[in-house]
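Subject: Structure handover

Hi,

Here is the structure I promised to pass on. Have a look at it first, and then read my notes underneath.

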Amino acid sequence: MVTQYIENCCRQMREEQWVCNMETKIIINKHYQIGAVSPFLYGSFAEHMGRVVYSGIYEPDHSKADEDGFRTDVLKSVKNMGIRLVRYPGGNFVSGYHWEDGVGPRKDRPRKVELAWKSIETNEFGTDEFMKWCRKAGVEPMLCVNLGTRGMEDALHYLEYCNFPGGTYWSDLRIRNGHKEPYGVKYWCLGNEMDGPWQIGHKEAKEYGRIAAETGKAMKALDPSICLVASGSSLSSMPTFPEWDLTVLEEAYEVIDYLSLHQYYGGQEKGTKAFLSQSEDMEHYIETIRSAVRLVKARKRSDHEVKLAMDEWGVWSRPSNSVNEELKDTPWQVAPAISEQIYTLEDALLFASMMMVMLRNADSLKIACQALIANISSCIMTERGGESWLQTTYYPFYYISNETRGGVSLKTVEEEEKSADIDHAVVWNEDKRQLSVFLVNREEKATAFLQLEDFNKIKKADSIVLTANDPQTTNRENHQAVIPVETVNFTVTGDRIYVELPPLSFDVLRIITG
Ligand code: AHR
């Protein structure tokens with residue numbers, strides 16, 4: 001069905017002999033480089049929230065669970081998707097979390113009330129399980145410390161448990177728990193969304209900035225090899241943005257290595273055009289934060305570099321307070337199924353555009369975590385005791401991550417005349433001689449005309465298209481309804497490539513040069 005639809009669109013466009021009114025000319029020169037694409041742009045996020053952990057990545061009674069209770073079907077999808085880093089354990093959850101509750105013999109772990117998501121936390125899965133899961137998934141762990149109900153001392157204990165070789169109270173506890181070798185966790189977040197009034201232990205900017213600076217200083221005294229992420233704005237629409245970010249940078253600049261930004265977009269009811277164009281806000285958001293970092297660096301006459309970490313991002317199709325609304329009348333439960341959003345093709349296009357914004361900012365954005373890894377605003381869905389399946393959003397992540405490994409993001413020039421609403425990002429891999437062009441066509445059928453400069457002769461090209469005849473199609477009932485299809489929707493003439501894009505589609509063009 002999907003294949004047929006794409007072929008029909010392309011045939012129709014060919015029959016019209018490319019006289020498509022909407023055309024975008026994109027000039028690509030391999031020397032116009034933005035920056036290396038960090039592998040950690042392809043991160044995700046495992047929070048103790050809803051069914052992300054319990055019956056998401058971990059379900060010991062499941063027929064596909066391995067000896068550690070990890071769902072192997074989910075592990076496989078995570079690996080295929082090209083996830084390279086995972087943030088843990090929250091999120092809002094971390095601001096009330098006692099990490100010690102989640103280590104040691106399972107029978108001794110306490111059941112606790114969990115305030116962020118009105119849940120009961122069994123602590124069956126904790127830091128040691130997460131580390132083991134990361135090893136199996138082949139991903140870098142990124143841990144978050146609780147600066148909500150706790151603070152510096154607890155952060156130091158957690159770091160000592162994870163990274164200190166042995167011979168001290170907390171490191172010996174890790175060894176007694178069966179983990180002789182230190183984990184060497186490199187990436188640490190200093191709290192979560194501390195600017196948000198919803199956060200347990202929410203703080204004023206200066207207050208948080210001081211705590212982040214002092215906590216970070218002590219953590220680096222314990223382990224100078226770590227990298228620290230300070231909590232920046234939770235959304236571009238926060239009333240405190242960008243003052244929050246400037247203040248935190250003023251207080252903590254020399255200690256931190258990354259400033260975080262979080263961003264979710266919903267608003268499908270605004271209509272397709274307005275919904276899809278929200279990625280432009282993300283571009284401005286990153287530009288503003290980048291400028292704030294530069295300003296503070298200059299004010300401080302500092303040589304230190306602070307990069308950006310978009311360590312929560314996604315498409316969120318509900319109003320932001322709806323999770324709490326959802327839970328208002330429900331009893332306290334273990335892993336309640338909350339906020340399990342089902343994505344449409346249209347959602348996948350915005351999702352792809354958000355990833356393309358990240359590529360275009362690859363010089364300063366070095367970490368990004370798609371939120372979350374299973375079941376909640378996720379690319380991977382699981383049924384408790386049943387199968388797992390892939391949402392429409394899985395595919396843009398899969399292609400952008402797997403195609404851009406080891407590449408450098410290129411700055412393009414777009415000719416405005418007759419311009420179609422085509423969003424794009426381009427990555428060049430010198431070793432593989434591979435140019436990857438990602439295109440989102442946000443309107444009717446259109447042509448992208450790629451003019452290549454300073455590349456050797458094109459040897460081969462492939463194109464993969466993700467679309468559907470109804471932009472509201474999801475993969476919920478038919479798991480194959482929105483899947484990528486390899487399509488010959490392009491022609492190569494010397495150093496020019498014409499790509500026919502079906503309406504509302506995501507296209508991956510893989511070009512191999514000599
Ligand atoms: O990703 C879900 C929640 O969204 C996180 O806990 C929080 O940090 C954000 O507001």
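A word on terms before the cavities: a cavity here is a set of grid points where a 1.4 Å probe fits but cannot get out, and its volume is the space filled by probe spheres set on those points. Please also keep in mind that this is a predicted model.

Cavities

By this rule, there are four cavities of 30 Å³ or more. The largest has a volume of about 90 Å³. Its lining is made up of 13 residues, and the ones nearest the cavity centre are H48, G50, S119, E121 and A335. If you want an element to start from, take strand β5 (residues 119-121): with three residues, β5 gives the most to this lining. By residue type, the lining of the largest cavity splits into eight nonpolar, three polar and two charged.

The second largest cavity comes out at about 40 Å³. Around it you'll find V94, Y97, W99, C144, V145, N146, D154 and Y158. Two elements, β6 (140-145) and α4 (152-163), give two or more residues each to that lining. Here the split is six nonpolar, one polar and one charged.

Aromatic rings

The search over the whole structure turned up 24 aromatic pairs. One of them brings back a residue from the second cavity: Y97 pairs with F93 in a tilted arrangement, with 4.8 Å from centre to centre and 40 degrees between the planes. F93 and Y97 are both buried.

Another pair to pull up is Y264 with W316, which is edge-to-face, at 5.1 Å centre to centre and with 75 degrees between the planes. This pair links distant parts of the chain, since its two residues are 52 apart: Y264 belongs to strand β9 (residues 258-265), while W316 is in the loop between β10 (307-315) and α10 (322-327). Are these two rings buried or exposed? Y264 has a relative accessible area of 16%, so it counts as buried. W316 has 12%, so it is buried as well.

There is also a cluster, in which ring pairs link Y54, Y58, F70, Y88, F125 and F130. For a ring with a charge over it, go to F45: the charged end of R87 sits over that ring, 4.7 Å from its centre.

Cysteines

How many disulfides does the search of the whole structure find? The count is zero. C134 is in no disulfide, and the nearest cysteine sulfur to it, that of C162, is 11 Å away. C134 is buried, because its relative accessibility is 2%. C189 is in no disulfide either; its nearest cysteine sulfur is that of C144, at 4.7 Å. The cut-off for a disulfide is 2.5 Å between the sulfur atoms, so a sulfur at 4.7 Å does not qualify. C189 has a relative accessible area of 1%, so it too is buried. As for C144, you have already met it in the lining of the second largest cavity.

Backbone

Here are some backbone spots to check when you go through the loops.

- The peptide bond from G90 to G91 is cis, with omega near 15 degrees. G91 is in the loop between β3 (85-88) and β4 (112-114).
- The bond from A371 to L372 is cis too, with omega near 0 degrees. L372 falls in the loop between β12 (365-371) and β13 (380-382).
- R433 is not a glycine, yet its phi is positive, near 55 degrees. You'll find R433 in the loop between β16 (422-429) and β17 (434-441).
- D454, again not a glycine, has a positive phi of about 70 degrees. D454 sits in the loop between β18 (446-453) and β19 (458-466). With a relative accessible area of 45%, D454 is classed as partly exposed, because that class runs between the buried limit of 20% and the exposed limit of 50%.

That's the lot from my side. Over to you!

Cheers

Definitions and conventions
Residues numbered from 1 in each chain as written. Predicted model: local features only at pLDDT ≥ 70, side-chain atom pairs only at ≥ 80, totals over all residues. Heavy atoms only, no water. Phe/Tyr/Trp six-rings, centres within 6.5 Å; stacked < 30°, edge-to-face > 60°. Buried < 20%, exposed > 50% of the residue type's maximum accessible area, 1.4 Å probe, protein only. Helix = DSSP H or I, 4+ residues; strand = E, 2+ residues; numbered from the N terminus. Lys NZ or Arg CZ within 6 Å of the ring centre and 35° of its normal. 1 Å grid on protein atoms, 1.4 Å probe; cavity = no way out; pocket = protein on both sides within 12 Å on 5 of 7 lines; lining within 4 Å. Nonpolar A, V, L, I, M, F, W, Y, C, P; charged D, E, K, R; others polar.
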